[in-house]
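Visitor: I am new to this structure and should be grateful for a close look at one part of it.

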Amino acid sequence: MDAAAKVARRGGLFEPIPPIPFPGLWRTDTRSIVGSVLLAVAFSANMQITERLDTATVGGIIPWTALPFGIMWFTTACFFFGMTGALITASFNPIIAVLTATGPLAPVHFTINWSFNIPMAIMASYVLRRGQAITFGTYLAMVLIAQLFLATGLIPVWLFLFKFNALQTTGLWLWAVVEAVPASILGFAFVRTVAKSGVLAS
């Protein structure tokens, strides 16, 4: 029985993601570019709500409601469209966020998004080329590594823009990293659903 058939027989919340074709890290075909743009638009529409919730609840100092959805859209873009999807989805929303003033972190969304998506796309390239199903453990490890880059990139913002002390900054950093664990469940389920549907398959 091949890997895809084994995956299909498993059920439950943590059913592995079936193998996803990965033709290359950089995609220049029309399908990849259009698909990446559509994911970027969906992500931006989502962030118009969550970024305002972040601002209303914690003053926008940490994207705590945006994080689960960001993981969902970003990993989908990286898994299905490589670095092309990573950069397009990472770069579209910051422009909208600045123009619509969704929160105090809007001007640094470029670096925040890139710091997650670039390592995620590189890891996806390595993992998906093996042609195997992706377990939740593998997906979670990838998200945590990328989230470490994102959270670390926020340290100068917390220290110099918001003027938090070292202890407060450490607490926010830990919050950003630890929240990625439960937030990954949403992203894992979404990527698996898309993979099984075949709608974004290369």
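Where is Val37 found?

Guide: Val37 belongs to helix 2, which spans residues 30-58 (helices are DSSP runs, H or I, of at least four residues, numbered from the N terminus). The model is predicted, local features need pLDDT of at least 70 and side-chain atom pairs 80 or more, while totals for chains, interfaces and linings use all residues. Residues are numbered from 1 along each chain, and side-chain values use heavy atoms, without hydrogens or water.

Val37 is partly exposed because its relative accessibility is 36% (between 20% and 50%, 1.4 Å probe; buried is under 20%). Together with Ile33, Val41 and Phe92, Val37 makes a nonpolar surface patch of about 280 Å² (side chains over 30% accessible, without a salt bridge, joined within 5 Å). Helix 2 supplies the largest share of this patch, three residues.

The loop between helix 1 (3-9) and helix 2 holds Glu15. Glu15 is buried, since its relative accessible area is 6%. Glu15 forms a salt bridge with Lys196, the closest N and O atoms lying 3.0 Å apart (the limit is 4 Å). Lys196 sits in helix 8 (residues 180-197), and 181 residues separate the two partners. The whole structure has one salt bridge.

Helix 2 also helps to line the largest cavity, as do helix 3 (66-100), helix 4 (109-128) and helix 5 (136-153), each with at least two residues (a 1.4 Å probe fits on a 1 Å grid but cannot get out; lining atoms are within 4 Å). Helix 3 gives the most, six residues. The lining has 25 residues, and the closest to the cavity centre are Pro63, Ala66, His109, Ile112 and Asn113.

How values were computed:
Patch = residues over 30% accessible without salt bridge, like charges linked within 9 Å, V, L, I, M, F, W, Y side chains within 5 Å. Areas by Shrake-Rupley, 256 points an atom, 1.4 Å probe, with all protein chains shown as cover. Salt bridge = Lys/Arg side-chain N within 4 Å of Asp/Glu carboxyl O. 1 Å grid on protein atoms, 1.4 Å probe; cavity = no way out; pocket = protein on both sides within 12 Å on 5 of 7 lines; lining within 4 Å.
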